[in-house]
Amino acid sequence: MDPYEPETAELDLTRVLQALGDPVRLHIVRVLATGGERACGTVQLEVGKATRSHHFRVLREAGITRTRVEGTHRFVSLRRDDVESRFPGLLDAVLVPQRAPA
């Protein structure tokens with residue numbers, strides 16, 4: 001069974017922003033934006049396995065990432081084109097490197 005992923009037309013701005021509002025999930029999105037598709041376990045996170053799975057699920061169910069299942073492995077990629085078509089400029093805005101406060 002493939003994991004649930006909303007269709008592009010179903011992407012909800014509030015849900016996307018909530019997903020991107022967490023620092024761990026934002027880190028995952030930044031890694032995917034620079035490195036392309038990755039196996040879930042190869043993204044370095046300072047959280048436990050259950051918490052890691054939770055973060056990937058939130059991103060997938062918000063429509064930000066796509067999960068491809070191959071045997072026992074899960075590969076995750078950013079749905080940049082889908083998010084961009086619904087919310088132009090959003091990912092570019094959140095992927096800008098943060099500056100230190102003045």
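The paragraphs below lead through a predicted model, from its sheet to its core and its largest pocket.

The sheet is a convenient place to begin. Strands of a sheet pair through backbone hydrogen bonds, either parallel or antiparallel. Here, three strands form an open sheet in the order β1-β3-β2, and the pairing is antiparallel. Because β1 (38-39) and β2 are the edge strands, each with a single partner strand, one side of each has no neighbour in the sheet.

The two pairings can be followed residue by residue. Between β2 and β3, which run antiparallel, there are six bridges. Along this pairing, Arg-66 has Ser-77 in β3 as its bridge partner, Val-69 lies opposite Arg-74 in β3, and Glu-70 lies opposite His-73 in β3. The hairpin of β2 and β3 has two residues between the strands, and Gly-71 there adopts a positive phi near 65°. The other pairing, between β1 and β3, is also antiparallel and has two bridges. In this pairing, Arg-38 has Val-76 in β3 as its bridge partner.

The next topic is the interior. In soluble globular proteins, nonpolar side chains tend to be buried together. In this model, the largest nonpolar core contains 23 residues, and those that touch the most other members are Leu-20, Ile-28, Val-29, Phe-56, Ile-64 and Leu-91. At least two residues of this core come from each of α1 (13-20), α2 (23-35), α3, β3 and α5 (90-95). Val-29 may serve as an example. Apart from its neighbours within four places in sequence, Val-29 is in contact with Leu-20, Leu-59, Ile-64, Leu-78, Leu-91 and Leu-95.

The loop between β1 and α3 offers two residues to consider, Cys-40 and Val-47. Is Cys-40 buried or exposed? Its relative accessibility is 17%, and buried means under 20%, so Cys-40 counts as buried. Beyond its neighbours within four places in sequence, Cys-40 is in contact with Arg-52, Phe-56, Arg-74 and Val-76. By contact, then, Cys-40 meets Phe-56, one of the core residues that touch the most other members. Cys-40 and Arg-80, by comparison, are 40 residues apart in sequence and 18 Å apart in space, C-alpha to C-alpha.

Val-47 has a relative accessibility of 26% and therefore counts as partly exposed. Again leaving aside neighbours within four places in sequence, Val-47 is in contact with Val-24 and Arg-52. Arg-52 is thus a contact of Val-47 and also of Cys-40. Between Val-47 and Leu-59 there is a separation of twelve residues in sequence and 16 Å in space, C-alpha to C-alpha.

The largest pocket brings several of these residues together. The space within this pocket is about 220 Å³. Two or more lining residues come from each of α3 (49-62), β2 (65-70) and β3 (73-78). Which element gives the largest share of the lining? That element is α3, with six residues. The lining includes Cys-40, Arg-52, Phe-56, Arg-74 and Val-76, so the contacts of Cys-40 named above are found here as well. Other lining residues include Gly-41, Lys-49, Arg-57, Arg-60, Thr-65 and Thr-67. By class, the lining consists of five charged, four polar and three nonpolar residues.

Conventions:
Residues are numbered from 1 along each chain as its sequence is written. This is a predicted model: local features need pLDDT of at least 70, side-chain atom pairs count only at pLDDT 80 or more; totals for chains, interfaces and linings use all residues. Side-chain values use heavy atoms; hydrogens and water are left out. On a 1 Å grid over the protein atoms alone, a cavity is a set of points where a 1.4 Å probe fits but cannot get out, and a pocket is an open set with protein on both sides within 12 Å along at least five of seven lines; lining residues have an atom within 4 Å of a point. Grid points are joined across faces, edges and corners, and a volume is the space filled by probe spheres set on the points. Helices (H or I, at least four residues) and strands (E, at least two) are DSSP runs, numbered from the N terminus. Ala, Val, Leu, Ile, Met, Phe, Trp, Tyr, Cys and Pro count as nonpolar, Asp, Glu, Lys and Arg as charged, and the others, Gly among them, as polar. A nonpolar core is a set of buried Ala, Val, Leu, Ile, Met, Phe, Trp, Tyr and Cys residues joined through side-chain atoms within 4.5 Å. Buried means under 20% relative accessible area, exposed over 50%, partly exposed in between (1.4 Å probe, protein chains only). Contact means heavy atoms within 4.5 Å. Two strands pair if DSSP finds at least two bridges between them.
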